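Hello,

Here is the structure we talked about handing over. My notes on what turned up follow below it.

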Amino acid sequence: MSEDFPLQSQTPDSLMLFGFWYRALPSEKVKCGELLPAMLLEQPLVIGRDPQGRAFALRDACPHRGMPLSCGRFEGNQIECCYHGWQFDAHSGQCTLIPSLVADQKLKIDRIYAGSYPCEERDEFIWVFVPEPGPASAGFSKPAPAPVPAPEIPKFSEHYKLAYLTADLPCSVDHGIIGLMDPAHGPFVHQAWWWRTRHSIHEKQKNFEPIPYGFRMSAHTPSSNSAPYKLLRLYADADSITTTIDFVLPNLRSEVIRAGKYWFSSITTVTPVTRSQCRIDVVAAWNLFRWIPFGPELLKFVFAKFVEQDRRTMELQSEGLKHNPHLMLIDDADRPAKWYFGLKSAYLEMKKTGAEFRHPMSGPVTLRWRS
Ligand code: FES
Ligand SMILES: [Fe+2]
């Protein structure tokens with residue numbers, strides 16, 4: 001695929017990518033013995049935690065007559081539907097009891113499954129693997145294991161702090177993601193006296209390279225016009241600070257900043273909830289400033305400001321998008337967004353034809369823009 005896509009194919013298509021891990025809910029929201037509804041890629045889920053603390057995720061619709069299982073009861077390792085009392089194993093979704101059956105009715109209940117999803121807990125979030133949906137008429141069967149483990153934030157020391165932030169965005173996952181990787185909105189959306197002003201806009205040059213299912217902004221010294229990085233340089237007493245930013249399908253931006261023995265690392269995801277709604281979750285781990293009282297709170301405060309500015313911007317943008325305007329992606333500032341659409345269509349093409357994944361980048365690229 002060439003790097004010049006016609007404009008049409010660059011416009012968000014709201015398609016959601018199946019066959020990946022997605023963040024479902026913050027761990028702390030899911031208490032032992034409770035059932036919580038959640039939605040991922042327009043699929044209703046019920047999330048819970050067994051008495052041993054292990055999280056699980058089932059489709060939130062009883063295979064009998066569709067009652068949300070989240071309305072039922074959860075005891076031991078069994079979920080009981082509130083309509084006719086069918087019971088299901090919380091992890092496998094296998095049916096274990098149908099109370100209406102009499103002794104000589106030989107229905108093979110162990111062949112009945114409420115759909116269940118691979119579920120793992122990582123860095124304060126419950127992740128759910130969402131496979132390709134089967135044909136609408138087919139019922140559920142035994143769940144297949146996920147092909148890879150859920151993503152995890154890289155950590156570089158034994159002791160660290162961890163914090164997360166989450167915000168609902170009233171737009172499709174595509175707008176959420178290209179908003180996240182867009183370098184040109186910074187001076188206009190993220191102004192603050194302690195961060196940067198609009199007047200600090202200057203020309204930048206960044207190197208990018210292809211990585212499997214994504215691209216990397218190669219290790220570089222961060223923007224000189226931001227105060228926190230200047231501070232970091234002072235405290236870390238390091239000659240150089242490097243940051244690496246990766247984007248990988250379906251929705252994941254990870255950033256690692258290292259300065260001597262100090263590090264800061266984060267994974268931000270934009271998760272499709274429905275075609276027109278998504279959610280941004282930022283989880284960060286760091287060993288910087290561990291000695292500062294209020295360290296995590298301060299960092300969370302700073303991040304919350306940024307995320308709120310982005311959320312507000314996308315809320316305003318969604319008003320304009322309602323009218324289906326023609327959209328443009330320009331070089332070089334919107335090139336990462338073009339790569340995103342290129343990666344996404346390459347993935348869908350691979351799924352459709354079974355052919356090899358055709359990466360939209362043929363090699364390293366240097367991009368230049370002012371921000
Ligand atoms: S709908 Fe769930 S048991 Fe009947
Ligand atoms: Fe932003």
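Strands here are DSSP runs of E with at least two residues, numbered from the N terminus, and two strands pair if DSSP finds at least two bridges between them. This is a predicted model, in which local features need pLDDT of at least 70 and side-chain atom pairs pLDDT 80 or more, while totals for chains, interfaces and linings use all residues. Residues are numbered from 1 along each chain, ligands from 1 in the order written, and side-chain values use heavy atoms, without hydrogens and water.

Strands β2 to β4

β3 (residues 43-49) and β4 (residues 55-59) run antiparallel, joined by five bridges. Five residues separate them in a hairpin, and Gly53 in that turn has a positive phi of about 95 degrees. Arg49 has Ala55 as its bridge partner in β4. On β2 (residues 35-40), six antiparallel bridges lead to β3. Because six of its seven residues are buried (under 20% relative accessible area, 1.4 Å probe, protein chains only), β3 is largely enclosed by the rest of the structure.

Iron site

The iron ion (ligand 2) has as protein donors (N, O and S atoms within 2.8 Å of the metal; water is not among the atoms, so sites may look incomplete) His185 NE2, His190 NE2 and Asp310 OD twice, at 2.1 to 2.5 Å. Their spacing in sequence is H-x4-H-x119-D. Both His185 and His190 are buried.

Thr269

Thr269 lies in strand β17 (residues 262-274). With 0% relative accessibility, Thr269 counts as buried.

Regards

Conventions: Helices (H or I, at least four residues) and strands (E, at least two) are DSSP runs, numbered from the N terminus. Buried means under 20% relative accessible area, exposed over 50%, partly exposed in between (1.4 Å probe, protein chains only). Donors are N, O and S atoms within 2.8 Å of the metal (3.2 Å for Na, K and Ca); water is not among the atoms, so sites may look incomplete.
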